[in-house]
Amino acid sequence: MGKRTLVLTPWYFPHKVVSWQTAVTMMYLGKVDVLVSYSEELRSPSTTIKTPAVLRLKKKVITVKRGVRFSRLNVYTRDNFTCMYCATRLPASELTFDHVLPRSRGGATRWENIVSACHPCNRKKGNRTPEQAGMDPLRRPYRPQTLPMLPPRIDLETVPDEWRAFCEALPQTG
Ligand SMILES: [Zn+2]
């Protein structure tokens, strides 16, 4: 049986997806409350329990990661999936890198010179400096010490019904 279990933070936000075996271990260690169970039962010689579908952690969890490497997804995460020119929040598939000082003018591809931008803003700015384009990023780009951990990628089309109510708050990071 390959049922998987959704684990929520204490504040009911999807944290991770684990195997049912891991979920049962967490239950026996007293680390979680069971919010929803599947109808299937797990039997052992001494007990029968329902397979956990959704658990909630009792204690605070660490939701930041350290030692952040430069990557497209990490830049978007630093910028909260928001175009740094027009402030529109977008899925990753609709964002792109913008070199604040364009590459053609010696701008490097690194944290301090890259912001997230939507395609229209990126095209509009083109090969111009912020001064020339009259487009200053909303925030000066920086190298982050930590980043928020992204919630698990969960496809809302295929989630088990038992999870659905808890997944609606998830951003679709595309
Ligand atoms: Zn934009």
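Accessible areas here come from the Shrake-Rupley method with a 1.4 Å probe. Keep that in mind as we work through this predicted model.

**Exercise 1. Describe the surface and the charges of the protein.**

Solution.
- Step 1: Start with the accessible surface of the protein, which is about 10300 Å². Carbon and sulfur atoms account for 50% of it.
- Step 2: Turn to the charges. There are 28 positive and 14 negative side chains, and the centres of these two sets are 9 Å apart.
- Step 3: For the interior, note that 41% of the 174 residues are buried.

**Exercise 2. Compare the radius of gyration of the protein with that of a compact globule of 174 residues.**

Solution.
- Step 1: For a compact globule of 174 residues, expect a value near 16 Å.
- Step 2: Set this beside the protein, which has 21 Å.
- Step 3: Look at the box as well: along the principal axes, the C-alpha atoms fill roughly 75 × 30 × 25 Å.
- Step 4: Add one pair as an illustration. Arg 143 and Ser 44 are 99 residues apart in sequence, and their C-alpha atoms are 51 Å apart in space.

**Exercise 3. Lay out the secondary structure and find which elements supply the largest nonpolar core.**

Solution.
- Step 1: Count the elements: the protein has five helices and eight strands.
- Step 2: Put them in sequence order, which gives β-β-α-β-β-β-α-β-β-α-α-β-α.
- Step 3: Now the core. The largest nonpolar core holds 21 residues, and Tyr 76, Cys 83, Tyr 85 and Cys 121 have the most contacts inside it.
- Step 4: Assign the suppliers. At least two residues of this core come from each of helix H2 (72-78), strand S6 (95-99) and strand S7 (114-118). With four residues, S7 gives the most.
- Step 5: Follow one member outward. Beyond its neighbours within four places in sequence, Tyr 85 is in contact with residues including Asp 98, Val 115, Ala 117, Cys 121 and Leu 138.
- Step 6: Do not stop at one core. Another, of 11 residues, lies apart from the largest, and among its members are Leu 6, Phe 166, Cys 167 and Leu 170.

**Exercise 4. Is Arg 143 buried, partly exposed or exposed?**

Solution.
- Step 1: Locate Arg 143 in the loop between helix H4 (130-133) and strand S8 (146-148).
- Step 2: Recall the cut-offs: buried is under 20% relative accessible area and exposed is over 50%.
- Step 3: Arg 143 has 45% relative accessibility, so it counts as partly exposed.
- Step 4: Finish with its partners. Leaving out residues up to four places away in sequence, Arg 143 touches Trp 111 and Glu 112.

Methods. Residues are numbered from 1 along each chain as its sequence is written. This is a predicted model: local features need pLDDT of at least 70, side-chain atom pairs count only at pLDDT 80 or more; totals for chains, interfaces and linings use all residues. Side-chain values use heavy atoms; hydrogens and water are left out. A nonpolar core is a set of buried Ala, Val, Leu, Ile, Met, Phe, Trp, Tyr and Cys residues joined through side-chain atoms within 4.5 Å. Buried means under 20% relative accessible area, exposed over 50%, partly exposed in between (1.4 Å probe, protein chains only). Contact means heavy atoms within 4.5 Å. The radius of gyration is taken over C-alpha atoms; the globule rule is 2.2 Å times the number of residues to the power 0.38. Lys and Arg count as positive and Asp and Glu as negative; His and the chain ends are not counted. The place of a charge is taken as NZ of Lys, CZ of Arg, CG of Asp or CD of Glu.
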